[in-house]
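Got your viewer open? Load the model, and we'll take a walk through it together, stop by stop.

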Amino acid sequence: MSPTATPDHDITLIPAGPGRWRTEAAPAWRNPGGGLWGGYAIGLAVRVLEAEPEAVGEPLSITLTYASALPSGALDIRTRRLRQGGSIGVWEVQVSPAGSEEVGVHAMVTMARRPPTPPFAFAAIPEAPEPESLPVPESRAGVAMHFGAAAFERRTLEGFPPQPGKDSRSLAWVRARSGAWDKALLGMVTDHSAPRAMYALGPRVMTTTLSLTVYLHATVEDLAGIGDDFILVECEGRTGGGGASDERSSYWRRDGKLLATSEQLAWYRQIPPNPPE
């Protein structure tokens, strides 16, 4: 497990039988709407399969369906191996409030032994100044940090805060406040950017993730080489309508290596303006 800045951002798993686990999600992981931040479920899926004795390899891809909001507090986790081949295994992870049969988050996780193969790359890292040249985000005294800001430090180059316009692209250097990068933190950061509907409609938008797929291209060794350094996050949306909008993002190491990519589908609605008094 990675070092954590505070116990509030720890993910401790307690075995509860074969394919059964329990954890306590601290209130620090809640989003503004009250339920747990979607990135928490990504990190939890990684952590539980790292602890699962029958799981082989490391997480390569994760597809999550957010069926209902998870509350903070005690959570039950179920794991089930669907297939194990020579290099690839497929696992199912379900997360529910403790004692409930209702699934809050369902994840399909591909585990892989990563063989040494000739590397190649067609994508290129966007041009960006070094993160040290950018201002450190200011925190207002007496105001609790938003869940994402509490877990990650963000130094923005463009596209933040969101404003309506013709372009939804944002670019930022991000690093974890809890220490060195690992698979769980890399997965978590893929649900850290502002909803793309805000770039079309402004901040008065309610949004929730329906599904999110993360591709963790980086190996454990790749991440170990980063330590607690910044990574570059590029995010954009393509379309929205009928209540649904999309988002895609890329995550880069300073030397240009692509670490992860993600695709997300969100449900959104516009908040009506306040009526005049």
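We'll begin with the whole chain, then move inside, and finish with a few single residues.

**Before you click**

This is a predicted model, in which local features need pLDDT of at least 70 and side-chain atom pairs count only at pLDDT 80 or more, while totals for chains, interfaces and linings use all residues. Residues are numbered from 1 along each chain as its sequence is written, and side-chain values use heavy atoms, with hydrogens and water left out.

**Stop 1: the whole chain**

Switch to a cartoon view. You should find five helices and 13 strands in the protein chain; these are DSSP runs numbered from the N terminus, with helices being H or I of at least four residues and strands E of at least two. The radius of gyration is 19 Å, close to the 19 Å that the globule rule gives for 277 residues, so the chain is as compact as a globular protein of that length. That radius is taken over C-alpha atoms, and the rule is 2.2 Å times the number of residues to the power 0.38. Along its principal axes, the C-alpha trace spans about 60 × 45 × 40 Å.

Now hide the surface in your mind: 45% of the 277 residues count as buried. Buried means under 20% relative accessible area, exposed over 50%, and partly exposed in between (1.4 Å probe, protein chains only).

**Stop 2: the cores**

In soluble globular proteins, nonpolar side chains tend to be buried together. Here, select Phe152, Leu186 and Ile231, the residues with the most contacts inside the largest nonpolar core, which has 52 residues. Such a core is a set of buried Ala, Val, Leu, Ile, Met, Phe, Trp, Tyr and Cys residues joined through side-chain atoms within 4.5 Å. Add helix α1 (residues 38–51), which gives this core its largest share, eight residues.

Next, select Leu171, Trp173, Phe230 and Trp252. They are among the six residues of a second, separate core.

Which residues does Leu186 contact, leaving aside neighbours within four places in sequence? Contact means heavy atoms within 4.5 Å. Zoom in on Leu186 and look for Trp181, Leu216, Ala218, Leu223, Ile231, Leu259 and Ala260.

**Stop 3: two residues of strand β13**

Colour β13 (residues 258–270) and pick out Ala266 in it. Is Ala266 buried or exposed? Ala266 is buried, because its relative accessible area is 10%. Not counting residues up to four places away in sequence, Ala266 touches Thr207, Thr208, Thr209, Leu210, Gly243, Ala244 and Ser245. Try a distance label from Ala266 to Leu210: they are 56 residues apart in sequence, and 5.2 Å apart from C-alpha to C-alpha.

Leu258 also lies in β13. Leu258 is partly exposed, as its relative accessible area is 22%. Show its contacts with His217, Ser250, Tyr251 and Trp252, again leaving aside neighbours within four places in sequence.

**Stop 4: out in the loops**

Go to the loop between β6 (105–112) and α2 (147–151) and select Phe120. Phe120 counts as exposed, because its relative accessibility is 68%. Label the distance from Phe120 to Ser178: they are 58 residues apart in sequence and 31 Å apart, C-alpha to C-alpha.

Last, find Pro161 in the loop between β7 (152–158) and β8 (170–176). Look at the peptide bond from Phe160 to Pro161: it is cis, with omega near 0°.
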